[in-house]
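This report describes aromatic contacts, a nonpolar core, a pocket and selected backbone positions. The sequence and the model are shown first.

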Amino acid sequence: MTKSVFALLVSAISLLGQNISGTWQGTLAPPDRPALRIVVKFTRAADESLKADFYSIDQTGQAFPASAATQQGSNVKLTILPIDGVYEGKLAADGNSISGTFTQGAALPLNLVKATQQSAWAIPEPPPPPKPMPTNVKPAFEVATSKPSRPEATGNSILVGRGGSNLLTTTNTPLSQLIIMTYGLHPRQLTGLPSWADNDKYDITAKPNSDGVPNVDQLKEMIRDLLADRFDLKMHKEKRELTAYAIT
């Protein structure tokens, strides 16, 4: 019994002392889509806090920094807000592999192995910094398509400039979410919408009429015009009493 307890203590101390800094890689297999090679680079800051950069190298060479990265014993967790993703895994006793799950809407297995200099996958060059849209143009979408999302689709996204372009793309997104974003509203400030504006989800692809990536104000103006043109959105403001908290 004493030997078993001692062995467990040694194992726990070993896991606590393992440094996962370095390059880790594995393959993510979404259903009905080509497999994606994933690379995660862990580093330790001067204050010993854990940092991580997440790469999907078959899609882009751009790094997505983890908003939060933690290691508690053998448990490793990453939160990657730019892509609305979470990775949770367990470090093996030998410190050379992590068995885990990546969640971005749906949860998929993602097992990572520690790469060596010889086995590490090459990360493509990231796209050049996007050129901003000129501020002296009237922003508008030159071409736009919208279609209902697949019923089985999970998660949602609103992205601009993916892959170095200046396209707006939304995935599995209700119109109410676009209205709240573009008009700067709290959800309780939006009333009178038909139920389908909350329940139906859309995939939208829209190309601006000018080169360059729009800034926030330009993007909001273009989406407001798109909603009015494609979905016949009409809005007006009125005063109503709402319950709210006041921080003092």
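A charge is taken to sit over a ring if NZ of Lys or CZ of Arg is within 6 Å of the ring centre and within 35 degrees of the ring normal. In this model, which is predicted, the charged end of Arg-37 sits over the ring of Trp-121, at 5.6 Å from the ring centre. A further contact of this kind involves Arg-224, whose charged end sits over the ring of Tyr-183, 5.5 Å from its centre.

## Aromatic pairs

A pair of aromatic rings is described by the distance of the centres and the angle of the planes. The structure contains 2 aromatic pairs. The rings of Phe-54 and Phe-102 have planes at 15 degrees, under the 30 degrees limit, and therefore count as stacked, with their centres 5.2 Å apart. This pair links distant parts of the chain: Phe-54 belongs to strand 3 (residues 50-56) and Phe-102 to strand 8 (residues 97-104), with the two positions 48 residues apart in the numbering. Phe-54 and Phe-102 are both buried.

Tyr-202 and Phe-231 make an edge-to-face pair, with 5.3 Å from centre to centre and 70 degrees between the planes. Here too the pair links distant parts of the chain, since Tyr-202 is in strand 14 (residues 202-208) and Phe-231 is in helix 4 (residues 216-231), 29 residues apart. Both Tyr-202 and Phe-231 are buried.

## The largest nonpolar core

In soluble globular proteins, nonpolar side chains tend to be buried together. The largest nonpolar core in this model has 24 residues, and the members that touch the most other members are Val-40, Phe-42, Phe-54, Leu-78, Ile-80 and Phe-102. At least two residues of this core come from each of strand 1 (22-28), strand 2 (36-44), strand 3, strand 6, strand 7 and strand 8. Strand 2 supplies the largest share, 4 residues. The stacked pair of Phe-54 and Phe-102 thus appears among these most connected core members.

## The second largest pocket

The second largest pocket has a volume of about 580 Å³. It is lined by 17 residues, of which Gln-189, Thr-191, His-236, Lys-237 and Glu-238 are the closest to its centre. By residue class, the lining of the second largest pocket consists of 7 nonpolar, 4 polar and 6 charged residues.

## Backbone conformation

Most residues other than glycine have a negative phi, and most peptide bonds are trans. Asp-84 has a positive phi, near 55 degrees, and is not a glycine. Asp-84 is placed in the loop between strand 6 (75-80) and strand 7 (85-91).

Asp-232 also carries a positive phi, of about 55 degrees, although it is not a glycine. Asp-232 lies in the segment after helix 4. With 54% relative accessibility, Asp-232 is over the 50% limit and so counts as exposed.

## Accessibility and separation of selected residues

Four further positions can be placed by element and accessibility. Asp-94 lies in the loop between strand 7 and strand 8, and its relative accessible area of 53% makes Asp-94 exposed. Ile-223, in contrast, is found in helix 4 and is buried, at 1% relative accessibility. Ser-67 lies in the loop between strand 4 (64-65) and strand 5 (68-72); at 43% relative accessibility, Ser-67 counts as partly exposed. Pro-124 is in the loop between strand 10 (112-114) and strand 11 (141-148), and Pro-124 is likewise partly exposed, with a relative accessible area of 34%.

The table gives, for each of these residues, a partner with the separation along the chain and in space.

| Residue | Partner | Separation along the chain | C-alpha to C-alpha distance |
|---|---|---|---|
| Asp-94 | Thr-23 | 71 residues | 16 Å |
| Ile-223 | Tyr-183 | 40 residues | 9.7 Å |
| Ser-67 | Asn-172 | 105 residues | 24 Å |
| Pro-124 | Ile-180 | 56 residues | 36 Å |

Tyr-183, the partner of Ile-223 in the table, is also the residue whose ring lies under the charged end of Arg-224. Helix 4 holds Ile-223 as well as Phe-231 of the edge-to-face pair.

Definitions and conventions: Residues are numbered from 1 along each chain as its sequence is written. This is a predicted model: local features need pLDDT of at least 70, side-chain atom pairs count only at pLDDT 80 or more; totals for chains, interfaces and linings use all residues. Side-chain values use heavy atoms; hydrogens and water are left out. Rings of Phe, Tyr and Trp (its six-membered ring) pair if their centres lie within 6.5 Å; planes under 30 degrees apart count as stacked, over 60 as edge-to-face and the rest as tilted. Buried means under 20% relative accessible area, exposed over 50%, partly exposed in between (1.4 Å probe, protein chains only). On a 1 Å grid over the protein atoms alone, a cavity is a set of points where a 1.4 Å probe fits but cannot get out, and a pocket is an open set with protein on both sides within 12 Å along at least five of seven lines; lining residues have an atom within 4 Å of a point. Grid points are joined across faces, edges and corners, and a volume is the space filled by probe spheres set on the points. Ala, Val, Leu, Ile, Met, Phe, Trp, Tyr, Cys and Pro count as nonpolar, Asp, Glu, Lys and Arg as charged, and the others, Gly among them, as polar. A nonpolar core is a set of buried Ala, Val, Leu, Ile, Met, Phe, Trp, Tyr and Cys residues joined through side-chain atoms within 4.5 Å.
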